[in-house]
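Biologist: I would like to learn how to read a model like this one, feature by feature. Could we go through it together?

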There are 2 protein chains.
Amino acid sequence: MGSLNTEDVLENNTAFGVTNPLEPEEFRKQGHMIIDFLADYYRDIEKYPVRSQVEPGYLRKRLPETAPYNPESMESILEDVQNEIIPGITHWQSPNYFAYFPSSGSIAGFLGEMLSTGFNVVGFNWMSSPAATELESIVMDWLGKMLKLPKSFLFSGNGGGVLQGTTCEAILCTLTAARDRMLNKIGRENIGRLVVYGSDQTHCALQKAAQIAGINPKNFRAVQTFKAHSFGLSADTLRKVIRSDVEAGLIPLFVCPTVGTTSSTAVDPIGPICEVAKEYEMWVHVDAAYAGSACICPEFRHFIDGVENADSFSLNAHKWFFTTLDCCCLWVKDPSALVKALSTNPEYLRNKATESKQVVDYKDWQIALSRRFRSMKLWMVLRNYGVANLRNFLRSHVKMAKQFEGLIASDNRFEICVPRTFAMVCFRLLPPKSTRDNRVREEDGLFVSGVHDHENNINEDDHLLVVANKLNQIYLEKVNATGSLYMTHAVVGGIYMIRFAVGSTLTEERHITHAWKVLQEHADTILGTFNLADFSC
Amino acid sequence: MGSLNTEDVLENNTAFGVTNPLEPEEFRKQGHMIIDFLADYYRDIEKYPVRSQVEPGYLRKRLPETAPYNPESMESILEDVQNEIIPGITHWQSPNYFAYFPSSGSIAGFLGEMLSTGFNVVGFNWMSSPAATELESIVMDWLGKMLKLPKSFLFSGNGGGVLQGTTCEAILCTLTAARDRMLNKIGRENIGRLVVYGSDQTHCALQKAAQIAGINPKNFRAVQTFKAHSFGLSADTLRKVIRSDVEAGLIPLFVCPTVGTTSSTAVDPIGPICEVAKEYEMWVHVDAAYAGSACICPEFRHFIDGVENADSFSLNAHKWFFTTLDCCCLWVKDPSALVKALSTNPEYLRNKATESKQVVDYKDWQIALSRRFRSMKLWMVLRNYGVANLRNFLRSHVKMAKQFEGLIASDNRFEICVPRTFAMVCFRLLPPKSTRDNRVREEDGLFVSGVHDHENNINEDDHLLVVANKLNQIYLEKVNATGSLYMTHAVVGGIYMIRFAVGSTLTEERHITHAWKVLQEHADTILGTFNLADFSC
């Protein structure tokens, strides 16, 4: 392998005569090679440990310190991908992947990304590649209709949709629009008085967006949620917090209810929250990053009831809609608010189409100027599967989650921690019954019910909770270390829960059964050798 | 084509029995199909008009109003790509594409993107896929070394690099870091006093980032540039503007010199600007989005001299470094400033590796939490071409630009408007000599020299300038309308210039000759029928 140190005087002669780096027949040859590489990867994916087992710094030990001076063949690079990279990959596409939220790829999504990469257009405005803009507007209307979003979110109703990279960007853009709309009314000097609201279950994207947009960190409210409301944001609590802020001279700006929180897929009540927001002329952004996809099924649509009163709505098609990362779908009722906050019109981008005002220039709907042709993959997913199959793919994940929930419920060593709403099950292993009996004499069974609380005042014996949390932390690590499945955790209401998120495209019922088998085996081991002292602090 | 309206009771039966959307052998089959589609596209690319010739709204007329209810075959979708989408694409990969800046794809870049899409990992932190993080740190060090960045920008020197989507994001992140570093010192209530500096040639990304980060729009300074400095930002002028702001009670925060401005590839003097910034403890971000790539060649490296005193540096590998969109390389000296401003640590992402502090969690170096495995494509570009070829690919573009410059200079109907520095030539067509003679009696030849000014005070006959500008606007539109090449414009120092940016990967010398032929033919026509009245206001 060459290195910078081997530079020599031949440099000026090296490139001439070299094939053009985009030569079509070479492209064809190498393209086919990579397709086979990836097809084999999917075929063999169950052979790899789901969660990578490498140690920090593993790769620096295996790769040279500088880029090669001379070219290396694609064959040798692919060998290194196989031997050096794949061991460091956590296999999000594995059917045994149940961690975080899914990153559900599909053939259609992959092919769409390939076309988009192949065309490699930079679609900042309509002019730079009309199809990139127009297809995006069209598929956003398609998906909006599938979700039965009110017309006010569609282009036909003077709203409109845009594809962002991630929810973080979608929230930052809408928050910036809301901020500037408010500051233009009350004066820029009031930026320090603006307040942003979420719940203690809201994704950290909201807090980050508020930080970036210059909201005083002291004015970010993570309103407390309670088990009594399944950890959804209570509109009444929100109103109380807002009132107290207003009394203190602050200005409520933005509230972000979630449909399917990251920790436990809780659903905030959009309708009641919008009513509160209306009183204070706040911007409501609905973050349905995970669960929004499910709302294309009639039986789940009610979870976004009330969205008609929100200002914006987003979901991540790259999470649970078969469209590879990244693809966040954002709809807004008032695109002009985005454009006022985010537009720039340098001379070098001036063009007739923009001046005609007949076109959308998406650069003014997002943070970046440059943008990929993301609608291609979403269009191909929608067409190649059709609404019917998409609904049923999602339903099959929900069905498998239900199946898993049934298995957990059938074994009294385990507990379902919060009600399952979509395709994620939150559960935990319980310390042996003898321990519980010893610790909670008068209220036997209390522990089994998880948290015996009134509005989150945890009565569960503190020590027992510590024991249970530590037990589950160790249990989860042991299961993940096998490499045969991968799950992650959350802590909600003080309880350490294991999250089992079904949604990897390749997952079938047999993988659920397999996961349950591994979980039972490890429960046997850890409970069989259980010693209270090991889990106490 | 089905539609939502055809929904029927069979829905629940449709998906069962359908192939899994990521079935490996189906992936293989369809993947090969797309590779052939794209290889044919590259083979035939010169047949398409470079700039799309569709009218606004063309696609909505051709596509249905709703997503199909039933699946459609990939073959029929590809037929639609060919017939409906390609006509709406502006072919950035065409060898006859000279507009904006290049979006230089390559086979290695494409294959890297395919692997990254195929693995489809969400690399927010080290834990979520160690290889994605580690490879990124490694290639950023590789590329940093190729650019001879000081060690303080590399991981080995306690700095480090990160791949962002675009320069807009890179600037927003560094500006947010700078803002919070300053506000933590002087108090959050001073946000309204912070000032951000660029030149009137700085990319609009800076202004947009300042808007988003909550900088008062009144405190954004686009410092005037002058022809005498080739439209580079003068450190002396900058100092004067800063002094005046400081006297007015404002606080200088951030300055962004550019290496290769969008309008004319001007280079701001980094060293002198850093000296000014140092006096005021400002953050200096060097935006080398376009020209940074060229600095891997020793003969261009001097354009970033002084970078050792900057705080951060970025270039877009997706512009002129054969790495498909998007791929912005950002290096910072003090990653902790980014992390302090951008980090969030929710429980559901807690993990041992993060707590060990032995790993980089890139989510805290950027806006979004989720992130694609972008380093894969950059790694493959660096390895498959090697430093030697990469340098020579860039040199071949510069050489072709020189060739084009020579052609323009050989024809006295044309004028080079600003000195060529990299691979872009800014030129214009001159009104017929007779017109010039009539208008500028005493100073014949003045017009030919472009702008006869002292520090941008344009003395050129105002009417003549209007005529020349309009002539070039019409001329450019006529040339672009042929579809045989595509260029865009800029207005610098009041002069409408045509930008000829060489850098499309497939461009060879014959395309330059061809472009010149088309330009000459259209010059013949437009000057042959020239009537002053047509171009006057």
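Biologist: What should the 20 residues of helix α16 (residues 462-481) of chain A span at 1.5 Å a residue?

Modeller: This is a predicted model, in which local features need pLDDT of at least 70 and side-chain atom pairs count only at pLDDT 80 or more, while totals for chains, interfaces and linings use all residues. Residues are numbered from 1 along each chain as its sequence is written, chains are lettered from A and ligands numbered from 1 in the order in which they are written, and side-chain values use heavy atoms, leaving out hydrogens and water. Helices (H or I, at least four residues) and strands (E, at least two) are DSSP runs, numbered from the N terminus, and the expected span of a helix is 1.5 Å times one less than its number of residues. For α16(A) that gives 28 Å, which agrees with the 29 Å between its end C-alpha atoms.

Biologist: Is P21(B) buried or exposed?

Modeller: Buried means under 20% relative accessible area, exposed over 50%, and partly exposed in between (1.4 Å probe, protein chains only). P21(B) counts as buried because its relative accessibility is 6%. In α16(A), the buried residues include L464(A) and Y475(A).

Biologist: Which residues does P21(B) touch?

Modeller: Contact means heavy atoms within 4.5 Å. Leaving aside residues up to four places away in sequence, P21(B) touches S106(A), I107(A), Y385(A), F393(A) and T505(A).

Biologist: Where does pLDDT stay under 50 in chain A?

Modeller: pLDDT is the predictor's confidence in each residue, from 0 to 100. Residues 1-17 of chain A stay under 50, and residues 440-458 of chain A are also below 50. Where pLDDT is low, the predicted coordinates should not be read in detail.
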